[in-house]
Every structure is written in structure tokens, then in C-alpha cells.
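Here is a friendly tour of a structure with more than one chain to look at. Have the viewer open and follow along topic by topic.

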Amino acid sequence: MEYQTIYLILAGIFGFFMAWGIGANDVANAMATSVGSKALTIKQAILIAAIFEFAGAVLAGGEVTSTIRKGIVDTSSISHQPELLIYGMLASLLAAGIWLLIASRKGWPVSTTHSIVGAVVGFAAVGLGLDAVKWSKVGSIVMSWVVSPLLAGLIAFLIFQSVQYLILRQKDPLAKAKKWVPMYMFFTAFILTLVTIKKGLKHVGLHISTNESYLYALGIGLLVAIVGALVIARIQPDPEKDKDFHFYTVEKVFAVLMIVTASGLAFAHGSNDVANAVGPLAAVVSTAKTGLINSKSPLETWILFLGGIGIVIGLATYGRRVIATVGEKITHLTPSRGFAAELAASSTIVVASATGLPISTTHTLVGAVLGVGMARGLSAINLNVVRGIFTSWLVTIPAGAALSVLFFYILKAIFQH
Amino acid sequence: MKTLITELLGTSPVAPLQKHIKTVYECACRLPKLVRAANQGDWDTAKKLHEEIAQLENEADRLKFQIRSNLPKSLFMPVPRQDLLELVLVQDKIANITRDVSGIIIGRKMRFPEDIRDDYQAFVDLCVEAVGQAVQSVNELDELYETGFRGAEVELVEKMIRKLDETETKTDRLQSQIRRKLFAIEDDLPPVHVMFLYIVIEKTGGIADMAERVGRRLELLLAK
């Protein structure tokens with residue numbers, strides 16, 4: 001292959017910048033609630049986000065990366081022209097990256113996932129022909145975009161109902177919070193570990209049997225719950241800020257829980273969104289190295305690493321500011337609410353990641369927050385946002401597709417003379 | 001910086017509502033002092049208090065409009081939007097009535113006849129106390145939101161509202177007592193003066209009535 005090194009360098013740069021952008025902008029949603037409610041300082045939030053985003057990307061990002069890499073485009077028609085796939089994937093990265101840049105400049109809340117999926121489908125459908133798109137897979141991805149916010153909303157509704165029933169409406173909410181909050185911690189750690197072990201780890205070369213994976217998940221769940229319970233036990237009521245039912249202190253107990261769920265959400269976010277940056281990169285790497293469109297070749301771990309590092313650098317350089325600003329604006333998403341939304345969103349996202357479905361983590365979180373609102377948990381929810389989400393779908397997918405078609409033909413013209 | 005999450009969480013009406021009733025309370029608190037100053041013939045102090053009352057009433061009005069404009073129809077809330085709007089309206093009336101009463105007293109250089117002076121002072125004190133109790137129950141709103149308007153916290157607020165009702169009943173009794181006393185001496189006083197005394201007594205009672213209605217409004221939120 002003629003320009004092998006150039007392809008690899010370009011893909012590496014584009015993929016890295018996408019990851020940087022994801023770290024800079026998207027991570028804020030996962031961490032800002034914890035900062036806003038003062039459960040974490042910004043420094044702590046950045047550190048936790050960096051660790052768990054990276055872990056999520058490397059340990060559980062494989063399935064979704066594979067979907068973007070080889071699940072959407074049917075390469076059988078272009079097996080004699082492997083360059084076309086390279087142009088297309090480079091074009092997709094460029095298209096999604098530029099579209100996100102425009103959108104964030106304009107202040108439009110658009111989804112990275114929708115941009116990249118729109119871009120990949122766009123170049124395949126126009127550049128390679130309609131048959132080159134695996135429409136059934138695209139259909140299930142689009143379905144998951146509808147299902148994931150709804151599912152997260154339903155889970156958040158149920159979790160928050162249980163919080164109200166078990167803790168907030170009781171006569172001694174503080175004692176009840178100290179009793180039940182470690183259970184929620186266990187649940188969070190258990191679910192995330194289990195799904196990751198069962199589905200994610202094979203991409204890093206670890207194979208663990210079903211029984212063992214339950215055992216590990218149980219162990220990690222218990223560990224988190226015990227450490228959490230020890231921290232919570234030291235929280236004392238604050239007579240100055242508390243009223244009759246100690247809700248101020250109750251929220252402080254939930255703030256400890258929220259550190260766990262925020263870590264979970266960062267992990268989930270890394271596991272799903274890293275693919276948006278490195279999925280196309282993985283496709284370029286395997287094709288450029290072998291000169292063949294060989295979808296049998298395994299995903300190379302360093303690609304997930306590169307994505308994880310990109311996210312962490314984005315977070316450290318620019319994400320700090322975003323987290324601070326968003327955190328200030330959402331202070332009334334208190335820990336007892338925030339944790340329910342985060343737990344619901346992160347469980348939904350890790351299941352999607354394990355299934356290989358690229359979903360919008362932000363929309364899933366929006367669904368979860370709405371679920372808490374429907375359980376009468378929030379004093380005011382702006383329903384216009386739901387309309388905004390549909391508008392962003394209608395704009396982002398065609399925009400990503402159109403840009404990637406454009407770049408596809410430009411790259412083709414440059415490299416193929 | 002806008003993200004979907006910041007957009008999604010609308011402005012909570014709780015803190016503005018509490019700020020509004022706090023302003024209203026500060027306004028009402030100046031009325032007993034004004035009555036005392038007027039009865040002592042200290043018109044400088046009385047005028048200063050009247051100006052402060054007018055200023056606080058304006059401030060309450062401004063907060064009321066702010067709350068209204070922050071409650072668009074697209075908001076989803078655990079309690080009906082209409083109920084919150086009516087709550088702020090009732091709260092605001094307390095300030096309006098306070099300003100009316102102080103306006104009449106200042107405008108007419110009104111001093112209460114010796115026979116009912118102490119009774120009226122006790123009456124106005126008690127009416128403002130009712131407002132203070134209304135403030136306390138509105139201050140529980142954030143705790144009510146915390147629990148989704150159910151459970152043990154609701155019982156606490158219901159108890160507070162019952163106490164507020166009792167205070168209002170006491171003001172009613174005081175009011176008719178003062179009226180009876182005024183009736184007994186009204187022939188000895190200038191008729192126009194008597195007319196305005198009745199108006200001021202009536203309006204002062206309205207302050208406690210409105211405080212009670214704040215409680216009624218809160219109760220409506222609980223019942224849903």
C-alpha cells in the first residue's frame with residue numbers, strides 16, 4: 001500500500017483529537033453533578049474522571065469500537081480497493097470532528113456518537129453504494145438511541161422511588177440513609193464490574209469464566225460497600241444547617257454515594273464514547289497494515305490506550321473549565337437525585353457498551369434525570385430539552401453524513417491519481 | 001456554557017419563593033413599629049418606616065414578577081405551576097395590605113384613641129406574628145421538595161399550618177373586641193376619623209387572613 005504511513009499518521013492524529021474533544025466536552029456531564037453538589041472538588045473530580053474514563057475506554061471499550069470499525073460498513077463489495085475504506089474512515093473522523101467543533105462554537109448540544117455514526121453511514125452509502133451499509137445493524141443502533149434514554153429514565157424512576165420510600169419519607173431519614181446507601185454502592189459496583197468482566201475484558205486478552213466473574217463482581221461490590229459504609233459512619237449531623245429531619249446531613253451521606261456513581265458514570269462514558277474516536281482509527285490501522293480489509297484481525301489494545309489517553313488529556317486541559325461552569329449551574333441536582341440519575345445512566349451505558357451499541361451517553365443521562373423528575377424528585381425540569389434532542393438528531397446525522405461524503409471525495413482525489 | 005443537562009434543570013422556584021416571603025415579612029415587621037411611633041406622635045420615625053415599607057413592597061413586587069417569568073409553561077414540576085403562582089400572589093398581598101395601612105396612618109396622621117390604643121397594638125403584633133408563622137412553613141418548602149411532598153415531613157408542615165390557623169383565629173377575636181370598644185366611643189370622635197379607624201382595623205386583620213391563606217395554599221400542595 002502506497003501511503004501506508006501517511007494514512008496511519010493521519011488516522012492517529014484525527015482519532016486523538018476526537019478523543020481530546022470527548023474528554024474536553026462530554027466528560028463534564030458525568031462529573032459536574034458531583035462538583036456542583038460539592039461532593040468532590042474539581043481536582044478530585046478530574047482525577048477520578050481520568051482514572052475511570054481511561055479504565056472504561058481500555059477495559060470495556062472494545063465492543064463498541066468493533067461496531068464502528070466493522071459493524072456498519074459491509075466491505076465485501078470493496079475488498080479489491082481497501083483504500084476506499086481508509087478514505088472513508090478518515091473522512092468520517094474529520095467530518096465528525098469538524099461538525100463537533102462548529103456545534104460547540106455555536107453552543108448546540110450535539111452528540112459525538114450521532115456525528116460519527118452519521119458520518120460512517122454517509123460515506124458508505126454515497127461513496128460506496130447503498131449496499132455497502134449494513135442497514136439492519138444501523139437500524140438496531142438507531143433503535144438503541146431511542147431505547148437507551150427511555151430505559152435509563154425507567155431505571156432512574158424506580159431507583160429514586162426506592163430512595164424516597166426507604167429513606168426520605170421515613171421518620172429518621174439520616175439513620176435510614178446510613179443503612180441503605182452502602183447497598184446502593186454495592187449495586188453500582190456489582191453491575192459495572194459484572195458487565196465489564198463478562199463482555200469487555202476479552203479485548204484485553206483476559207478470559208474469565210461466568211462463575212468467576214460473578215465472584216469478582218461480588219467481591220468488588222462488597223469492597224466498595226464496606227469502604228463506603230466506613231466513610232459514611234463518620235458523618236455527623238450538622239446542627240446549624242439541619243432542620244428537623246437532618247436532610248442537610250442526609251444529602252452529605254448521599255454525596256459519598258455519588259462519588260461511587262460518578263466514577264461508574266465516567267467508566268461507562270469511557271467504555272462507550274472512546275469508540276467514537278478510535279473506531280475509525282482501528283479500521284484504518286488494520287487495513288493499512290495488512291493492505292487487506294480483514295475484519296478477522298483482532299483489535300489492537302494500543303488503539304484503546306491512545307483513545308483513553310486522548311480523553312484524559314482533553315479532560316485535564318480543557319474539561320476542567322467545563323466541569324466548573326456546568327457544576328455551578330446544576331447545584332440543585334442534589335446528591336440524592338444525582339446518584340439515582342448517574343446509577344441508572346451508567347448501568348444502561350455499560351450494558352450498551354457490552355452489546356457493542358454506540359449510544360449517546362448525554363441523552364441517556366438526560367433520560368435518567370427526566371426519570372428522577374417524573375418521580376417528583378426535581379423542583380423544575382425544562383421539557384423543551386426533549387424537543388432539542390430530536391432537533392439535534394435531525395441536524396447532526398445529515399450534517400455528519402454530508403461532511404464525510406465531501407471529505408471522502410476530497411481524500412480520494414488527493415490520494416488516487 | 002450550555003449543555004443538555006444544564007438546560008434540562010430549570011430554575012427551581014423554591015429559593016425565590018422563600019426570598020419573596022422573607023421580603024414580605026420584613027415589610028410587615030415594620031408596621032407595628034410604625035403604629036407605635038405614630039401613637040407617640042413621633043412622625044419622623046413613622047415616615048422613615050413608611051418609606052422602608054414602600055421600598056420593601058416594591059422589592060416584593062419585583063421578586064414576584066421574577067418568579068413568574070421563571071416559571072414557563074414548558075416546566076415539569078412535582079406541584080402544579082398554577083398553585084405556586086397563586087402562592088406567590090397571596091404572599092405578595094401581605095406586603096400590599098401593609099403598605100395600604102401604613103399609607104393611611106401616615107397620610108391622615110392617624111393616632112389611635114387611648115381606649116383602643118393598646119388593643120390595636122397587640123392586634124397588629126399578632127397579625128405580624130401570623131406572617132412570621134407563614135414564613136416558617138414556606139421555609140419548609142425545600143424539605144418538602146426533598147421528600148416529594150410525602151411522608152414524615154408533611155406531618156410537620158401540617159402541624160405548622162394548624163398553629164398558623166390558631167393564630168389567625170386569635171386575631172379575629174381581637175379584631176371584633178376592638179370594634180366593640182370603638183363602637184362604644186365612636187360618637188365622641190370625628191366621624192371621618194372613625195370611618196378610617198374601621199378601615200385600618202379591617203385591613204390590618206387582612207394581613208393575618210392572607211398569612212392564613214399562605215398556609216391554605218401550602219396545604220393544597222401537600223394534598224396532591
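## Briefing on helix packing and chain contacts

Helix 6 of chain A passes helix 9 of chain A in a right-handed crossing. Please keep in mind that this is a predicted model. The points below start with the helix pairs of chain A, move to chain B, and end with the contact between the chains.

**Helix 6 with helix 9 in chain A**

- Helix 6 covers residues 135–168 of chain A and helix 9 covers residues 247–290 of chain A; their axes come within 13 Å and cross at roughly 130°.
- That angle is not over 145 degrees, the cut-off for roughly antiparallel, and helix 6 of chain A and helix 9 of chain A are therefore oblique to each other.
- On the helix 6 side of chain A, the residues that meet helix 9 are Val163(A), Ile167(A) and Leu168(A), and their partners in helix 9 of chain A are Phe247(A), Val250(A) and Phe254(A).
- Sorted by class, this contact of helix 6 with helix 9 of chain A holds six nonpolar residues, no polar residues and no charged residues.

**Helix 6 with helix 12 in chain A**

- Helix 12 of chain A spans residues 361–374, and its axis comes within 7 Å of the axis of helix 6 of chain A, with a crossing angle of roughly 35°.
- The crossing of helix 6 of chain A past helix 12 of chain A is right-handed.
- Among the helix 6 residues of chain A in this contact are Ala152(A), Gly153(A), Ala156(A) and Phe160(A), while the helix 12 residues of chain A include Thr364(A), Gly367(A), Ala368(A) and Gly371(A).
- This contact of helix 6 with helix 12 of chain A divides into eight nonpolar and six polar residues, with no charged residues.

**Chain B: layout and a helix pair**

- Chain B has eight helices and one strand, and the order of its elements from the N terminus is α-α-α-β-α-α-α-α-α.
- If you need dimensions for a box, the C-alpha trace of chain B spans about 70 × 35 × 20 Å along its principal axes.
- In chain B, helix 3 (residues 43–69) and helix 4 (residues 81–107) have axes that come within 9 Å and cross at roughly 160°.
- The two are therefore roughly antiparallel: helix 3 of chain B and helix 4 of chain B.
- Helix 3 of chain B passes helix 4 of chain B with a left-handed crossing, and the residues of their contact comprise 12 nonpolar, six polar and seven charged.

**Salt bridges and the interface of chains A and B**

- Side chains of opposite charge can pair when their charged atoms come close.
- Over all chains, the salt bridge count comes to 21.
- One salt bridge joins Asp61(B) and Lys64(B), with the closest N and O atoms 3.6 Å apart.
- Asp61(B) and Lys64(B) lie three residues apart in helix 3 of chain B, so about one helical turn separates them.
- Between the chains, 40 residues of chain A and 35 residues of chain B take part in the contact.
- The area buried between chain A and chain B is about 3,600 Å², and carbon and sulfur atoms give 63% of that area.
- Two salt bridges are found across the interface of chain A and chain B.
- Glu155(B) and Lys171(A) form a salt bridge, with the closest N and O atoms 3.8 Å apart.

Conventions
Residues are numbered from 1 along each chain as its sequence is written. Chains are lettered from A and ligands numbered from 1 in the order in which they are written. This is a predicted model: local features need pLDDT of at least 70, side-chain atom pairs count only at pLDDT 80 or more; totals for chains, interfaces and linings use all residues. Side-chain values use heavy atoms; hydrogens and water are left out. Axes are lines fitted to C-alpha atoms, for helices over the stretch in contact, and angles run from 0 to 180 degrees between N-to-C directions. Helices (H or I, at least four residues) and strands (E, at least two) are DSSP runs, numbered from the N terminus. Angles under 35 degrees count as roughly parallel, over 145 as roughly antiparallel, 65 to 115 as roughly perpendicular and the rest as oblique. A crossing is left-handed if the near helix is turned anticlockwise from the far one by less than a right angle, and right-handed if clockwise. Ala, Val, Leu, Ile, Met, Phe, Trp, Tyr, Cys and Pro count as nonpolar, Asp, Glu, Lys and Arg as charged, and the others, Gly among them, as polar. Contact means heavy atoms within 4.5 Å. Buried area is the accessible area (1.4 Å probe) that two parts lose on being put together, summed over both. A salt bridge is a side-chain nitrogen of Lys or Arg within 4 Å of a carboxyl oxygen of Asp or Glu.
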